[in-house]
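Biologist: Please show the model, and let us then discuss how its sheet, helices and cysteines are arranged.

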Amino acid sequence: MKTRRLNVRVNIELLSVSNPVHKKDLAVRLTDDTDPFFLYNLVISEEDFQSLKSQQGLLVDFSAFPQKFIDLLQQCIQEQNKDTPRFLLQLVSSAPALDHTAVSLNVVETNPFKHLTHLSLKFLPGTDAEIKKFLANCLKCLKEDKLMLEEKLRRTEEDLTRQLSYTQQSLSEKSRELDKLKNEWTSYTTALTNKHSQELTNEKERALQAQTQYQQQHEQQKKELETLHQKSIQQLQNRLSELEVINKDLTERRYKGDSTVRELKAKLSGIEDECQRAKQEVLSLRRENTTLDAECHEKEKLINQLQTRVAVLEQEIKDKDQLVTRTKEVLDATQEQKVILEESTEEKQRHIEKLETTIKSLSAELLKANEIIKKLQGDLKTLMSKLKLKNTVTIQQEKLLGEKEERLQKEQRELQEMGQSLRAKEQEVCKLQEQLESTMQKLEESKQLLKTNENVISWLNRQLSEVQMAKRLDTSASTHGGGRAACSPHGMPDRPPFPSSAISHPISPLYAFQNFLEPTHSKNTSSPCPVPKVQFNTQLSKLNRCSDAQTLTATSHPANKENGDHLGLESKYLKRKDDSIPLRGLSQNTLNSEYLRPYLPAKAQPLPKAAGTPASAYFPG
């Protein structure tokens, strides 16, 4: 028997026929995409399904059978790529080859024990007419698919041609724009490189000059900071030694508490042993008490029996007395029979004597029983008093135990409080260490700040010297060449230009400029321009001003104010530092510029500009 593997397409259709009777048929068709002549059909009506259901033991109805069959086929599809599939779809034929003979389609589940056939359907090969009809349908579907694909291809070609033309146009425009931008960028970059290289050389020279002066001015502050740091370190070390001593005391107290806890535990164990002994004694006394209660009960029973006996004897005595009286009456009444009855009376008297002796003996026995009862009652009282004493002793011992337990709990609470205080001290030590580390970090930051301040001071001092040189040149030019060469077109005195900067005259944060200004409408143009007075402030806190002088403010050039350009420094020099040295005496424009922003504090405010004073009156050339 030959076996081979095929990919078979299964088509399932539910056909409804209403002529002459409304009924439904299930049509199943097997085809092969590679072999167009491979066609097998199966039509199952409701009557055929009932026979199939009874033969193969199916549990579903005709309406649910198609969906169940589809589920089995899907499981076969999921398992087809595995090495050992669980569900198989077998097409079995009696002939050696599939040559137009009936075949059976089996859905088989494999397991290590057995192959289980869930469903077996018998298919018939298609006739020539059915094959022709099937091929015609396939050809029709292929033609429809071809037409759809041709239409889709035509539309895509049109879209792609439109997109291509549009992209070519946009590419030509973008290429032109790119060439234009490249030319602009090259010219702009060359100009910027030339400009910034010149500015960089100027800034380097200024920074080298400012560095030397800043180093001299800030060595004293550095020494003061070092002394303060040494003092703080010494204080922290003293505090640390005190905390170590406190820690030692606390550890000793903890060890003492542990020893006291151990002693209290030993005492508690002894007290618990004594309590156990007292409980055992109480139990034994309770047992003795129960035995004594039983004995007392028995004695009471005996007393009750003796009392009943005494009552019986008394009743007999009373009866005998009545008999005696009767006999006397009979004796009196019957004197005639005196002789006969004398013998009987003598006998009766003897009997009475015997009874009297028995009564005397009974009375003695009663007296003895009463004495025994009294003794038993006394013993019972003594036993009750002993029980009361033992109960009081046990109550006192229980109270002592409660007090000992309370003391132990107090000691445990104290021990816990000591542990908590020890933890708090340890946390304080950790906080002090963190504070020490933060102070060290602040010291390093202050050193870095000193370095930056030294650089700024050197640069500012150099710039100040350049300004003074420019003023001297202006004064010499004004004396020899006339008043027209001493002022700029804006009414400002000529001064060295600072390109790409919003600062007309950089001012040091360590100096206060004080100008004695002259009015601009003065007729004496040949008089030299006033030179600014320089005053050094060591405390860096206030600016010295003359009482009669106006407040001076550095104003920027209008062209620089409109441009708002930076000086080409890197971004790390343009950040604000809150711990820097305060700067006063600058204008709002100067403070807003990025040029001195790294060296200004957050709260630095410019001096107010004098109202109504022209710009040329603040900084003469």
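**Sheet, helices and cysteines**

Modeller: Six strands (DSSP runs of E, at least two residues, numbered from the N terminus) make up an open, antiparallel sheet ordered β1-β2-β3-β6-β5-β4; two strands pair if DSSP finds at least two bridges between them. The model is predicted, so local features need pLDDT of at least 70 and side-chain atom pairs pLDDT 80 or more, while totals for chains, interfaces and linings use all residues. Residues are numbered from 1 along each chain as its sequence is written, and side-chain values use heavy atoms, without hydrogens and water.

Biologist: Which strands stand at the edges of the sheet?

Modeller: An edge strand here has a single partner, so one of its sides is left without a neighbour in the sheet. The strands in this position are β1 (9–17) and β4 (87–93).

Biologist: Which residue of β6 stands opposite V107?

Modeller: Strands β5 (residues 103–110) and β6 (residues 115–125) run antiparallel and are joined by eight bridges. Opposite V107 in β6 stands L119.

Biologist: At about what angle to β3 does helix α3 run?

Modeller: Helices are DSSP runs of H or I with at least four residues. Axes are lines fitted to C-alpha atoms, for helices over the stretch in contact (heavy atoms within 4.5 Å), and angles between N-to-C directions run from 0 to 180 degrees. Helix α3 (residues 128–333) lies across β2, β3 and β6, and its angle to β3 is about 105°.

Biologist: How many disulfides does a search of the whole structure find?

Modeller: A disulfide requires a pair of cysteine sulfur atoms within 2.5 Å. The search of the whole structure gives a count of zero.
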